[in-house]
Amino acid sequence: MDKDYVIGIDLGGTKINSVLSDFNGNIISQCTIYTEASKGKDHVLNRIMMTIDNVLKSGNKTIENIRSIGIGSPGPLDSRNGVIITTPNLPFSNFNIVQPIKSKYNVPTYLDNDANVAALGELLFGAGKGTRNMIYVTVSTGIGGGAIINGSLYRGNTFNALEIGHTTVDPNGPRCNCGNYGCAEVMASGTAIARQGKEAVQKGENTALAKYENITSYEVFKEAKNGDKVSIDIINKSLNYLGICIANIVSSFDPEMIVVGGGVTKAGEIVFTKMREVVNQRCFKVMAEACKIVPAALGTDAGVMGSIALALIEEGIEL
Ligand SMILES: [Zn+2]
């Protein structure tokens, strides 16, 4: 029987989203269920297997049709051995998630962190199509990334490459969750923008943000657009730090493209204009001019499309 299909699994703290796809990324069937993370690791593993069985059934295929399975998960993880080391929203600690799936289905199964997986998705199916040197950056509650070098994913020595959210952009900045000070993540993520908005209100600054019960980066962007000076200042500062982070990527990798996704990019043009400005300011002209900085194309599908891409690329299947 021809093994002409792959299964992609986007494992999240809230939902498991699995798809059955052909080699061109056309989705044949899909299954999304709650992770039910609080019920423990074996329960979640069973839920994942349930989605595999479900997409096979609703796609009218059997496991004999499946070439490989790709899983995207929050990290940190040991992708070589299929082990999720730890993750805040899932009940796994040094848990080998690949082995039980491999032994049950007897199909090659691959695991990688969600930023790497999204990078592969953008490379095969999204904004990075046709590029050979591309960096993917996600800016949402955290900041992460994945690097495509010479057409393949660069994982690094301990498989943790592109932890760009934890590169220092201000040595005098506040402490980050990782223990370091002034990381890009603590200066420029959606969480960082929201935190500065809340701090401004607590300090009693004269700002339109005071009217909100809950301030997220969305409110800060919104009030900045409306002309609120405090919000404008927060956005300018944060996007400048994000720009520094992106400029460091340009100077390190000389990529042809940087694809930027994640919730913060929903604020649109202002984010991209500022990143471009800082890159032009801080990088060698020849690299800055040659590097495109573009929005991610896959949006909320980045997880599943990326896990399909992982399943395909690890098997050496090129589109
Ligand atoms: Zn950090």
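The radius of gyration used in these legends is taken over C-alpha atoms, and the globule rule is 2.2 Å times the number of residues to the power 0.38. This is a predicted model, where local features need pLDDT of at least 70, side-chain atom pairs count only at pLDDT 80 or more, and totals for chains, interfaces and linings use all residues. Residues are numbered from 1 along each chain as its sequence is written, and side-chain values use heavy atoms, with hydrogens and water left out.

**View 1. The whole protein chain, with its ten helices and 13 strands.** Helices (H or I, at least four residues) and strands (E, at least two) are DSSP runs, numbered from the N terminus. For 319 residues, a compact globule would have a radius of gyration near 20 Å, and the protein chain agrees, at 20 Å. Along the principal axes, its C-alpha atoms fill a box of roughly 65 × 45 × 35 Å. Buried residues (under 20% relative accessible area; exposed is over 50%, partly exposed in between; 1.4 Å probe, protein chains only) make up 54% of the 319. Take contacts (heavy atoms within 4.5 Å) between residues at least 6 apart in sequence: 59% of them join residues at least 24 apart.

**View 2. Helix H3, residues 114-125.** What surrounds this one? Eleven of its twelve residues are buried, so H3 is largely enclosed by the rest of the structure. The buried set includes Asn116 and Glu122, along with Val117, Leu120 and Phe125. The expected span of a helix is 1.5 Å times one less than its number of residues; for H3 that gives 16 Å, and its end C-alpha atoms are indeed 16 Å apart.

**View 3. Helix H1, residues 41-58, and what covers it.** H1 has 18 residues and reaches 26 Å from its first C-alpha to its last, close to the 26 Å expected. Its buried residues are Val44, Leu45, Arg47, Ile48, Met49, Thr51, Ile52, Val55 and Leu56. An α-helix has 3.6 residues a turn, so residues three or four places apart point the same way. The cover over the buried residues of H1 includes strands S1 (5-11), S2 (15-22), S3 (27-34), S4 (66-73) and S7 (93-96), plus helix H2 (98-105). Asn60 follows H1 and has a positive phi, near 60°.

**View 4. The peptide bond between Gly75 and Pro76.** Is it cis or trans? This one is cis, with omega at about 0°. Pro76 sits in the loop between S4 and strand S5 (77-78). Most residues other than glycine have a negative phi, and most peptide bonds are trans.

**View 5. Phe159 and Leu162, in the loop between strand S11 (152-154) and helix H4 (184-188).** Phe159 has a positive phi, near 65°. Leu162 also has a positive phi, near 65°. As for its surroundings, Leu162 is buried, with a relative accessible area of 9%.

**View 6. Gln99 in helix H2, with Ala200.** Is Gln99 buried or partly exposed? Gln99 is partly exposed, at a relative accessible area of 42%. Follow the chain for 101 residues from Gln99 and you get to Ala200; C-alpha to C-alpha, the two are 49 Å apart in space.
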